[in-house]
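Got your viewer open? Load the model, keep the selection box handy, and follow along stop by stop.

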Amino acid sequence: MKQVLSQCLNVVSMSIVVTLLLEFTGTIVAPIIAHFIWYTIGEIILGGVSLASDYPTLLKSTFQGNPLISGGIYKIEGSIIVLLVNLILITYLFILNKRMSSSK
């Protein structure tokens with residue numbers, strides 16, 4: 001249950017990140033590039049995102065230990081570490097958006 005909750009929070013928080021990125025840049029290109037970079041690094045290079053099992057990867061990362069930290073069956077994508085990174089990005093982009101709107 002904790003893994004499912006962590007995975008859902010990661011999806012919601014990443015959605016907020018790309019929405020704030022869209023608001024900050026004013027173009028859909030930035031969220032698309034952010035999404036591309038996330039999956040390029042996470043899956044194709046590290047092999048740590050839970051996509052199809054036959055997805056090509058350069059490295060085969062395995063994360064073990066506490067499922068909240070390792071992501072369990074959802075790999076690193078379901079990890080609380082990703083949630084923390086997303087919360088940091090949300091805070092940063094929120095501050096940037098506030099500064100940008102107050103300077104207008």
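Which element of the chain has the lowest mean pLDDT, and which the highest? Colour by pLDDT, the predictor's confidence in each residue, from 0 to 100. Helix H3 (residues 67-70) is at the bottom with a mean of 70, and H4 is at the top with 89. Over the chain the average is 80, and 75% of the residues score at least 70.

Some ground rules before you click further. This is a predicted model, with residues numbered from 1 along each chain as its sequence is written. Local features need pLDDT of at least 70 and side-chain atom pairs count only at pLDDT 80 or more, while totals for chains, interfaces and linings use all residues; side-chain values use heavy atoms, with hydrogens and water left out.

**Cartoon view.** You should see 4 helices and 0 strands, in the order α-α-α-α along the sequence. Helices here are DSSP runs (H or I, at least four residues), as are strands (E, at least two), numbered from the N terminus. Of the 104 residues, 27% count as buried, where buried means under 20% relative accessible area, exposed over 50%, and partly exposed in between (1.4 Å probe, protein chains only).

**The core.** Select Val 17, Leu 20, Leu 21, Ala 30, Ile 90, Leu 93 and Leu 96: these 7 residues are the largest nonpolar core. Two or more of its residues come from each of helix H1 (2-25) and helix H4 (80-102). The term covers buried Ala, Val, Leu, Ile, Met, Phe, Trp, Tyr and Cys residues joined through side-chain atoms within 4.5 Å. Zoom in on Val 17 and, setting aside neighbours within four places in sequence, you'll find contacts with Asn 86, Leu 89, Ile 90 and Leu 93. Contact means heavy atoms within 4.5 Å.

**Asn 97.** Now pick Asn 97 in helix H4. Is Asn 97 buried or exposed? Its relative accessibility is 15%, so Asn 97 counts as buried. Not counting residues up to four places away in sequence, Asn 97 touches Leu 20, Glu 23 and Phe 24.

**Asn 10 and Ser 79.** Jump to Asn 10 in helix H1. Asn 10 is buried because its relative accessible area is 4%. Beyond its neighbours within four places in sequence, Asn 10 is in contact with Glu 77, Gly 78, Ser 79, Val 82, Leu 83 and Asn 86. Try a distance from Asn 10 to Ile 81: 9.5 Å, C-alpha to C-alpha, for 71 residues of sequence separation.

Ser 79 is in the loop between H3 and H4, and it counts as buried because its relative accessibility is 0%. Ser 79 and Ser 6 are 73 residues apart in sequence, yet 6.7 Å apart C-alpha to C-alpha. For the chain-wide picture, take contacts between residues at least 6 apart in sequence: 54% of them join residues at least 24 apart.

**The surface.** Switch to a surface view. The chain exposes about 7000 Å², with carbon and sulfur atoms supplying 74% of it; areas come from the Shrake-Rupley method with a 1.4 Å probe, and for residues only the protein chains shown count as cover. Select Leu 22, Ile 28, Val 29, Ile 32, Ile 33, Phe 36, Ile 37 and Ile 41 to light up a nonpolar patch with about 730 Å² of accessible area together. Patches are made of residues with over 30% relative accessible area and no salt bridge (like charges joined within 9 Å; nonpolar side chains, Val, Leu, Ile, Met, Phe, Trp, Tyr, within 5 Å). A salt bridge is a side-chain nitrogen of Lys or Arg within 4 Å of a carboxyl oxygen of Asp or Glu. Helix H2 (residues 29-45) gives the most to this patch, with 6 residues. Finish on Ile 41, in helix H2, which counts as partly exposed because its relative accessibility is 43%.
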